[in-house]
Amino acid sequence: QNLKMAVNQLVDLPIVEMAKYFCGTDEAQYMAECEKVAQCLHQYGLVILRDPRVSEANNNTFLDMMERYFESSDGVTDARPHYHY
């Protein structure tokens with residue numbers, strides 16, 4: 001039940017549009033995106049960004065790299081408790 005609730009909350013997680021930061025012409029849009037960032041960090045502890053400068057290929061390369069890292073990790077050897085990680 002708790003897992004289902006958590007998944008539903010993540011589905012509702014807003015996506016922050018970085019393009020609105022770069023255009024710099026509409027202060028209201030800029031501030032609305034800043035509010036989204038603050039709300040996401042406060043409510044979920046994470047932010048989903050959509051950056052028009054990042055291609056789909058670069059995004060996939062990054063995700064593949066992260067998947068390889070976590071597949072090879074035993075979760076103990078690379079742990080850094082002194083950094084709270």
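Here are some notes on this predicted model, going from the overall fold down to single residues.

1. Start with the fold. The protein has four helices and two strands, and reading along the sequence gives α-β-α-α-β-α. Three of those helices come up by number below: α2 covers 19-23, α3 covers residues 27-43, and α4 covers 56-72. As for the strands, β1 is 15-17 and β2 is residues 48-50.

2. On overall dimensions, this doesn't look like a compact globule by the numbers. With 85 residues, a compact globule would have a radius of gyration near 12 Å, whereas the protein comes in at 17 Å. The C-alpha trace spans about 50 × 35 × 30 Å along its principal axes.

3. How much of the chain is buried? Just 11% of the 85 residues count as buried. The protein exposes about 7200 Å², and carbon and sulfur atoms supply 58% of that area.

4. The contacts are worth a look too. Take contacts between residues at least 6 apart in sequence: 57% of them join residues at least 24 apart.

5. For charge, I count 7 positive and 13 negative charges, and their mean positions are 1 Å apart.

6. Now the cysteines. Why does a search of the whole structure find zero disulfides? A disulfide is a covalent bond between the sulfur atoms of two cysteines. For Cys40, the closest cysteine sulfur is in Cys34, and it sits 12 Å away, so it is too far for a bond; the cut-off for a pair is 2.5 Å. The two also have their own surroundings: Cys40 is buried at 0% relative accessible area, while Cys34 is partly exposed at 26%.

7. Glu33 caught my eye. This residue sits in helix α3 and is buried, with a relative accessible area of 2%. Setting aside residues up to four places away in sequence, Glu33 touches Ile15, Val16, Glu17, Lys20 and Tyr21. Ile15 and Glu17 are the ends of β1 (15-17), so have that strand on screen when you check Glu33, which is buried at 2%.

8. Next, Ile48, which belongs to strand β2. Is Ile48 buried or partly exposed? Its relative accessible area is 35%, so Ile48 counts as partly exposed. Beyond its neighbours within four places in sequence, Ile48 is in contact with Leu13, Pro14, Ile15 and Val16. Ile15 and Val16 also turn up among the residues that Glu33 touches. Further along the chain, Tyr69 is 21 residues from Ile48, and their C-alpha atoms are 21 Å apart.

9. Met18 lies in the loop between β1 and α2. At 16% relative accessibility, Met18 counts as buried, because the limit for that label is under 20%. Which residues does Met18 touch, leaving out those up to four places away in sequence? They are Leu49, Arg50, Asp51 and Pro52. Asn58 is 40 residues along the chain from Met18, with 16 Å between the C-alpha atoms.

10. Last, the tail. Tyr83 is in the segment after α4, and at 58% relative accessibility it counts as exposed. Ala28 is 55 residues from Tyr83 in sequence, and the two are 37 Å apart in space, C-alpha to C-alpha.

Technical notes
Residues are numbered from 1 along each chain as its sequence is written. This is a predicted model: local features need pLDDT of at least 70, side-chain atom pairs count only at pLDDT 80 or more; totals for chains, interfaces and linings use all residues. Side-chain values use heavy atoms; hydrogens and water are left out. Buried means under 20% relative accessible area, exposed over 50%, partly exposed in between (1.4 Å probe, protein chains only). The radius of gyration is taken over C-alpha atoms; the globule rule is 2.2 Å times the number of residues to the power 0.38. Contact means heavy atoms within 4.5 Å. Accessible areas come from the Shrake-Rupley method with a 1.4 Å probe; for residues, only the protein chains shown count as cover. Lys and Arg count as positive and Asp and Glu as negative; His and the chain ends are not counted. The place of a charge is taken as NZ of Lys, CZ of Arg, CG of Asp or CD of Glu.
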